[in-house]
Amino acid sequence: MKKYNYDRTAQQVLLDSYRKQNRGKNRLLLLAVTLTVSVIYCILSFAYGKIQTDIQKNIRADGMAVSVYIENGTEEMAEQLKSLPYIAKTGKEKFAGKLLDQNIKYCDCVAADETGFQEILSPAYTQIVGSYPEQENDIMLSAKTLEYLGISEPQIGMELDLDFYWNDIFHSDGTGEQTFCLSGYFTDYQNSSAASSIAFLSEKKLTENGLNWDSCRVLLDTRSHTLGGIQIENKLKEDVRLTEDQRIVSTDSAFYRAVEGMMGSLGFAVVFSFLILLCMFLCVYNILNLSLAEDLRQYGLLEVIGVQQKQIIKVMFWQMLEIAAKGSFTGGMAGAFAVLVILPLVIRKMYLEQASELERLSLFHPGFLLIAMVPTAVTICLAVFLVKRKISHLSPLECLNYEEIPLTKGQEKAHKMKSLISHRRHPEIYLARKYLFRSRKAFFITIITLTIGCGIALASSVIVRGVDIQNRFLKEPDFWIGITQEACQTLMETSPDTENMVFFSKDLLEDIEQTAGNSMGNESQLFGFYPIIGTNGRESIKLLNQGEEAATVIQTLTTVEKEQLQSYIQKQEQTADWETFEYENGTFLLHDHRLSETVAEKAMQQVGKEIEVYDLVPVGTEMSGLIPETLINCGYLDITEEQFPDLNLCWDGRNTNILLVTEDTYGKLTKKLTPQIFTVSFDVEGKQENSIKSQLKDFIQKKNMEFQAETGYSDKLNLLQIECKSDLLAKEQNYIQTSRLLLLVISGCLIFIGVLNFLNVRVADMILRKKDCTIMRSIGMTKKQLQKMFLAEGLLTWLVLFAFLVTIDSILIGGASWFMKTKISYFVFHYPIKEMAGILLVLLGICMILPRFFYKQNIERDK
């Protein structure tokens, strides 16, 4: 016989009694807490891993770990900027020179200070071997430059004979062919399709040749990465005085864009995360809410026999704390196992063996465990608070006889006859309905929590499918062929015979169409001109940073693009003369954030001024005897603005001055200017895509070799370039698959939460009514009727939930999708009909199976 321990306190005795009495409820609560902590931990970790992946990808695409810098800054400015409270650190980068091959630039030479390279630039590179240059003739090259030079096995310290020149044409010291010593090399990812790359020089190279840091790029790392690029730029404009040749370049940070690409915006991500935590809180709270009446009756009995309220509250608190501690520990261990063991194995096996861009992927973050425990902690505090408030407002006898709020007398009379008839015909349905609606407030709170859980699950599936990066490529044509920017600039600057020169001839276009054959469809061509800007008009171009150095083209836009541009100008209230642009020889000057704030007023004065354009003529031709065409400056538009429409631009508008004209204006200009084709794009039939791709690549290679032989330029200067959608998809396949996996895991967890919430409500309801079931069996209710009662309760709950999902959740999903479309241009909305049907079928299955299982496991076992 077990001996009783008389040394235990009353509180310990009560705790043991409650453990035995509420064993079923406590197990369910422990399971709910465990799943809550583990699921939230997994969701946060997987989302963190996805964001980290995108941050790393954005940093490598940018070529630096910061998104804010000042062009043409000084060393003194860099020191002053360190004192700003929102600037964490500054670095310096100077595009000092270039490497040439037959007068063709194939590499930019850059000098950077220690902070600039180690903390800002190097995070964008991988496979860094060696060290940053220290001696005057040391150089650090990219893998792309080494490949250009024909070096497949580089060795640190090897000597290289390179043709080097400073960007300052008036500075000739230390230029020409010279011997460099390779101090290191790395792999970069910025502008992977461009022919040129980057190399690093030592600071000693600058000082020994009489150069300094003035007119350098001042790199700024902000303390907060949650602010948008425009917000940072506005702050800098208030705190920094700029000269006319200086400008602030500020884009959204890599973190900001990663979150925006996943959830549309940082604010929406915060709201969605809050809803997830709320859903998990309600998952635990529902169980406690259903047991509130029984708990109060137990506490009332304790008060009747003399137990103080303080003791009751302490007992409840320690009971809840014990469940929360055990559940948090178990859930944390399960979540950590999934994050640290299972997920990395799956990703490494499926994708990461061939995905070097994801080598720094990190999913584990201990702080997420604390966040995952928040819903449990809040639930404990709320449960204790509710019981304490109820006990303080009710007498012991009222607690002992506590019942859910009944119907009013008027309602009882109105439903009396119907209730009697229903009771005689289908007593189990009558009891089910009476129990569910005994407290309409509690019932609808339960339904609303279930609706929120399922709604979040459905919304997550919509977002996962919508933000899939593959959607971005699906909108692109199968093939895109165009003139390379390097060849175009080289020909216009160096060729002695450019009169009536057509880079993309009609014969070339016919050859492409013949190669594609009859399967060619959706052909689109981008037309324009390569103009020479006259005296009247150079001032408009000069206002753009590096406007005179960048290539200038005239290009058209389609009718659809014109409507999008007009809508953008109206919404953003841009300073623009739309009437002149549409009906006269008007033009918009498009630029990639190259208009400084200091010259904004001068830019407004240029609106309405004439821009003279001439056709290409041989280098050295006297221009005074030629008659130009005239365009009217209708305003400057920044293509990097967030809401700027997605236009088909020549060379994507990078480092290019684009004079945008309508198709009517283009027709007028063809009388004196030579029409040019910039690009041609088209689709082909899926079955023939691979064979056509091979033929087109061979054709483009042949044409480039002919161009190089005719012009005498290096074999690295290509006239044409081709992009294939299938190649782009294959290149991004590792990233797409990994990103999709992480998002699907998150979506699956949220769907699991929705189902779990419903399951918990039904199981808790049955466990808490175990005594009621025993009493009903003793007074003559059959096993079949008891199962029917629980089945009817589940079906009624399922029907109400079905109505809420189809109506309220559909509206919320539509609103979320509309918001995502405004933030992500490639977002594609798919109504989650399969997911909704799947969730409803699973919930219906729970309603059908659970009563029979519960009866066998509990009622029959206790006989």
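Two strands pair if DSSP finds at least two bridges between them. In this predicted model, strand E12 (residues 521–529) and strand E14 (residues 551–556) pair in the antiparallel sense over two bridges. Both belong to an open sheet of ten strands with mixed pairing. The notes below cover that sheet, the helices H21 and H26, and helix H22.

**Sheet order and edges**
- The strand order is E13-E16-E17-E15-E18-E14-E12-E19-E11-E20.
- Strand E13 (532–533) and strand E20 (720–724) are the edge strands, and each pairs on one side only.
- Between E12 and E14, Gly528 has Gln555 in E14 as its bridge partner.

**Strand E11 and its partners**
- Four of the five residues of E11 are buried, so E11 is largely enclosed by the rest of the structure.
- E11 pairs with E19 in the antiparallel sense, over four bridges.
- Ile481 stands opposite Val680 in E19.
- E11 also pairs with E20 in the antiparallel sense, here over five bridges.
- Trp480 stands opposite Glu723 in E20.
- In a regular strand, side chains alternate between the two faces of the sheet.

**Helices on the sheet**
- Helix H21 (residues 535–542) lies across E13, E14, E15, strand E16 (610–614), E17 and E18.
- The direction of H21 runs at about 110 degrees to E16.
- Helix H26 (residues 689–711) packs on the sheet and touches strand E11 (479–483), strand E19 (676–683) and E20.
- The direction of H26 makes about 165 degrees with that of E20.

**Helix H22**
- Helix H22 (residues 559–572) has 14 residues. From first C-alpha to last, H22 reaches 20 Å, close to the 20 Å expected at 1.5 Å a residue.
- Which residues of H22 are buried? They are Glu561, Leu565, Tyr568 and Ile569.
- These buried residues cover an arc of only 95 degrees around the axis, which puts them on the same side of H22.
- An α-helix has 3.6 residues a turn, so residues three or four places apart point the same way.
- On the other side of H22, Val560, Glu563, Gln570 and Lys571 are exposed.
- The buried residues of H22 pack against helix H23 (578–583) and three strands: E15 (586–591), E17 (629–638) and E18 (656–661).
- Just after H22, Glu573 takes a positive phi of about 55 degrees.

Methods
Residues are numbered from 1 along each chain as its sequence is written. This is a predicted model: local features need pLDDT of at least 70, side-chain atom pairs count only at pLDDT 80 or more; totals for chains, interfaces and linings use all residues. Side-chain values use heavy atoms; hydrogens and water are left out. The expected span of a helix is 1.5 Å times one less than its number of residues. Buried means under 20% relative accessible area, exposed over 50%, partly exposed in between (1.4 Å probe, protein chains only). The arc is that of the directions from the helix axis to the C-beta atoms. Contact means heavy atoms within 4.5 Å. Axes are lines fitted to C-alpha atoms, for helices over the stretch in contact, and angles run from 0 to 180 degrees between N-to-C directions.
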